[in-house]
Amino acid sequence: MVKSVCTGCSLLCEDIDLTLKAGGVGEANNLCRKGFGHFSALFNERTIPRVDNQDASLDQAISEAAKILRNAKNPLLYGWSSSSQEAQKVGIDLARKLGAVIDDTTSFCQDVLMDLVLKGKVPTCTLDDVRNFADIMIFWGSDPTNSHPRHLSRFSYYPRGEKRQKGYEVERDSIAVDVRKSSTAKLCKYYFKVAPGDDADFINSVISVLDGKIPRVGDKKKMIELGTVLRKAEFGVIFPGLGLVSALQDQMSLLEALLAKLNSIKPYKVIPTAEHFNARGFNQLLMSETGFINRVSFKDGVSSNPDLGIVGASRSCDAALIIGSDPLSELPFGVARRLAKMPLIAIDPRRSLTTDASRVVIPSAMYGLESGGSAIRTDGVKVSFSSPYPAEKPNDEEILKRIMEAI
Ligand code: SF4
């Protein structure tokens, strides 16, 4: 067996042992079902170099990609959450060279939360701190049992830690706040159901309870019980998910207010549950280079505004390089249709609707299995990985460098 880092989600599990067999993953230790599917898909859905729906050589595909980007008046470079830090750096340099718009998958997802965390507007900590010290976990609009299957077992609920030696039954409390009783909610000690979009009212009720007032919404008895549980925490952590972020959007200041109130009583932190393995890495890197986490244009200097996100950019851009992402499957139909009408370049190890609709397809090596690099875990910890099964295919960084040279 060889050691591997799983790039199936933003937990970047470093304790994977696996073997490969003809046509797939053979034996695997510690790889969850999602990680197994992530690596296995490589063997069923591998991309090959293509230009205009014809098989091509890698050189031809790279040369055609360079031509499309060179001729575009307003190119978009999109994706990035499934690329290494090293590739993201080259991607930002390429966007700068082209005067392009650059955006990542969080711009239709959790970027408002990531912005708060990266700018220090809400307190945060590492998942290792959670394992060692946390006694109250709040899964709010998130369902890590499905999205990050080893979240609860490696970090947030079940493991024993430095100060949490007695096990979750004795020393940890878990709370789920969600519109439905998700798989994670079913494992939690407390479940609070909120109607879709009512998270802001729920936050106001929690703040009222912590202020010693009667809450205006929710079951008053349960809300008062929640206040008591929150007050007795030694170290609490909120794991917001897309459910909470979508419900709040331009009211994220309410989350800040809740954290401020909680922290006036006991230490409470926030850790995002980013989806793709290096989503946080891109946001951090772009922020260090430009001051913005995404939706950046390098035309006439550096600027950022909401219209530079994938939705607006699908209207204003005239060509797109999509890397490690499948926006044609994942984004609303209108956005996907607009993207599909422009010349697309897809860099991806695996076939998808986006690669099938692209004028140029460039196959890449898969991170964690075929290519090394580094990435930032969802809690901000840097993880480096090697390539236990090196591929003959170039990785994202090498492909982007070659495109840049050709331009
Ligand atoms: S939890 Fe995420 S990183 Fe860990 S093995 Fe599963 S998919 Fe891979």
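**Sheets, helices and the ligand shell in a predicted model**

Strands S2 and S3 are joined by four bridges and run antiparallel. The model described here is predicted. S2 and S3 form a hairpin, with two residues between the strands. Gly23 lies in that turn and has a positive phi of about 80°. Within this pairing, Asp17 has Asn29 of S3 as its bridge partner. S2, which spans residues 16-21, also pairs with S1. That pairing is again antiparallel and rests on three bridges. Here Lys3 stands opposite Asp17 of S2. Asp17 thus faces Lys3 and is bridged to Asn29 in S3.

Together the three strands make an open sheet in the order S1-S2-S3, with antiparallel pairing. S1 (2-4) and S3 (24-29) are the edge strands. Each has a single partner strand, so one side of each is left without a neighbour in the sheet. On average, neighbouring strands of this sheet are turned by 45° against each other, direction ignored.

A second open sheet contains five strands. Their order is S10-S9-S8-S11-S12, and the pairing is parallel. S10 (190-193) and S12 (268-270) form the edges, each pairing on one side only. The average turn between neighbouring strands of this sheet is 15°, direction ignored. S8 (residues 136-140) and S9 (residues 173-178) run parallel and are joined by five bridges. In this pair, Ile136 stands opposite Asp173 of S9.

Two helices illustrate how burial is distributed around an axis. Helix H2 covers residues 58-71, 14 residues in total. The distance from its first C-alpha to its last is 20 Å, close to the 20 Å expected at 1.5 Å a residue. Buried residues in H2 are Ala61, Ile62, Glu64, Ala65, Ile68 and Leu69. These residues cover an arc of only 165° around the axis, which puts them on the same side of H2. Asp59 and Asn71 are exposed on the other side of H2. An α-helix has 3.6 residues a turn, so residues three or four places apart point the same way.

Helix H11 (residues 220-231) contains twelve residues. At 1.5 Å a residue it should span 16 Å, and its end C-alpha atoms are 16 Å apart, which agrees. Met223, Leu226, Gly227 and Leu230 are buried in H11. Seen down the helix axis, the buried residues fall within an arc of 100°, so they line one face of H11. Lys221 and Thr228 are exposed and sit on the face turned away from the buried side.

Helix H10 (residues 199-210) contains Ile203. Which environment does Ile203 have, buried or exposed? Ile203 has 22 other C-beta atoms within 10 Å. A residue counts as buried at 20 or more such atoms, so Ile203 is buried. Ile203 and Ala257 are separated by 54 residues in sequence. In space, their C-alpha atoms are 8.9 Å apart.

The ligand is surrounded by 13 residues. Cys6, Gly8, Cys9, Cys13 and Gly35 come nearest to the ligand. By character, the shell divides into eight nonpolar, three polar and two charged residues.

Technical notes. Residues numbered from 1 in each chain as written. Predicted model: local features only at pLDDT ≥ 70, side-chain atom pairs only at ≥ 80, totals over all residues. Near = placed C-beta within 6 Å. Nonpolar A, V, L, I, M, F, W, Y, C, P; charged D, E, K, R; others polar. Pairing = 2+ DSSP bridges. Axes fitted to C-alpha atoms, helices over the stretch in contact; angles between N-to-C directions. Expected span 1.5 Å × (residues − 1). Buried ≥ 20, exposed ≤ 12 C-beta atoms within 10 Å, placed from the backbone. Arc of directions from axis to C-beta.
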